[in-house]
Amino acid sequence: QVQLAESGGGLVQPGGSLRLSCAVSGSIANINAMGWYRQAPGRQRELVATITSGGITDYVDSVKGRFTISREYAKNILYLQMNSLKPEDTAVYYCTRGGQYSAGYESEDWGQGTQVTVST
């Protein structure tokens, strides 16, 4: 089992930016795919972004052009750069390890989550 630890959440004004980090125990080079989910109060958990071992990325429509998922092999860290943040981006964000299959991304391990609040 892989241990995942998110950081970088906080309070930001609309239009601002945050970068979330996810420290991974072990080498991320051996991981098939990783992703970020978010869950806002009273709403279903939502898959926000994924990245495969081959570097293929995918995003939910609501964040395309604003969020970027990436990884740093040397440090075994997964990132989520979030720009032009909106109040509707407010949620707890979770880092996950999983696999990219024909049916889509499937998560297997989860971090504890980090709160992102976009508000004036």
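The largest pocket of this predicted model encloses about 160 Å³ of space. Of the 13 residues in its lining, Arg 38, Arg 43, Glu 46, Ser 62 and Glu 88 are the closest to its centre. Classified by residue type, the lining of this pocket comprises seven charged, four polar and two nonpolar residues. The points below turn to the cavity, the nonpolar core, strand pairing and backbone conformation.

**Internal cavity**

- A search of the whole structure returns one cavity of 30 Å³ or more.
- The volume of the largest cavity is about 50 Å³.
- Its lining is formed by Ile 28, Ile 31, Asn 32, Ala 33, Met 34, Ile 51, Thr 52, Ser 53, Arg 71 and Tyr 73.
- At least two residues of this lining come from strand 4, and at least two from strand 5.
- Six nonpolar, three polar and one charged residues make up the lining of the largest cavity.

**Nonpolar core**

- The largest nonpolar core holds 28 residues, of which Met 34, Trp 36, Leu 80, Met 82 and Tyr 93 touch the most other members.
- Two or more residues of this core are given by each of strand 3 (18-24), strand 4 (33-39), strand 5 (46-52), strand 7 (67-72), strand 8 (77-82), strand 9 (91-101) and strand 11 (114-118).
- The greatest contribution to this core is that of strand 3, with four residues.
- Which residues does Tyr 93 contact, once neighbours within four places in sequence are left aside? They are Glu 6, Leu 20, Trp 36, Tyr 37, Arg 38, Val 48, Phe 67, Leu 80, Met 82, Gly 113, Thr 114 and Val 116.

**Met 34**

- Met 34 belongs to strand 4 and is also one of the residues lining the largest cavity.
- Met 34 counts as buried because its relative accessibility is 3%, against a cut-off of under 20%.
- With neighbours within four places in sequence left aside, the contacts of Met 34 are Leu 4, Val 24, Ile 28, Ala 49, Thr 50, Ile 51, Ile 69, Leu 78, Cys 95, Thr 96, Arg 97 and Tyr 105.
- Met 34 and Leu 80 lie 46 residues apart along the chain, and their C-alpha atoms are separated by 11 Å.

**Strand 4 and its partners**

- Strand 4 is largely enclosed by the rest of the structure, because six of its seven residues are buried.
- Strand 4 and strand 5 run antiparallel and are joined by six bridges.
- Within that pairing, Ala 33 is opposite Thr 52 of strand 5.
- The two strands form a hairpin with six residues between them, and Gly 42 in the turn has a positive phi of about 75 degrees.
- Strand 4 also pairs with strand 9, in the antiparallel sense, over seven bridges.
- Gly 35 has Thr 96 in strand 9 as its bridge partner.

**Strand 11 and its partners**

- Side chains alternate along strand 11: Thr 114, Val 116 and Val 118 point to one face and are buried, whereas Gln 115 and Thr 117 point to the other and are not.
- Strand 11 pairs with strand 2 (residues 10-12) in the parallel sense, over three bridges.
- Opposite Leu 11 in this arrangement stands Thr 117 of strand 11.
- Strand 9 and strand 11 run antiparallel, joined by three bridges.
- Gln 115 in strand 11 is the bridge partner of Val 92.
- Two residues of strand 11, Thr 114 and Val 116, are among the contacts of Tyr 93.

**Positive phi outside glycine**

- Asn 76, in the loop between strand 7 and strand 8, has a positive phi near 55 degrees although the residue is not glycine.
- Is Asn 76 buried or exposed? With a relative accessible area of 18%, Asn 76 is buried, because the cut-off is under 20%.
- Ser 84, in the loop between strand 8 and strand 9, is not a glycine and has a positive phi of about 50 degrees.
- Ser 84 counts as partly exposed, because its relative accessibility is 41%, which falls between the 20% and 50% cut-offs.

Methods:
Residues numbered from 1 in each chain as written. Predicted model: local features only at pLDDT ≥ 70, side-chain atom pairs only at ≥ 80, totals over all residues. Heavy atoms only, no water. Core = buried A, V, L, I, M, F, W, Y, C linked by side-chain atoms within 4.5 Å. Buried < 20%, exposed > 50% of the residue type's maximum accessible area, 1.4 Å probe, protein only. Contact = heavy atoms within 4.5 Å. 1 Å grid on protein atoms, 1.4 Å probe; cavity = no way out; pocket = protein on both sides within 12 Å on 5 of 7 lines; lining within 4 Å. Points joined across faces, edges and corners; volume = space filled by probe spheres on them. Nonpolar A, V, L, I, M, F, W, Y, C, P; charged D, E, K, R; others polar. Pairing = 2+ DSSP bridges.
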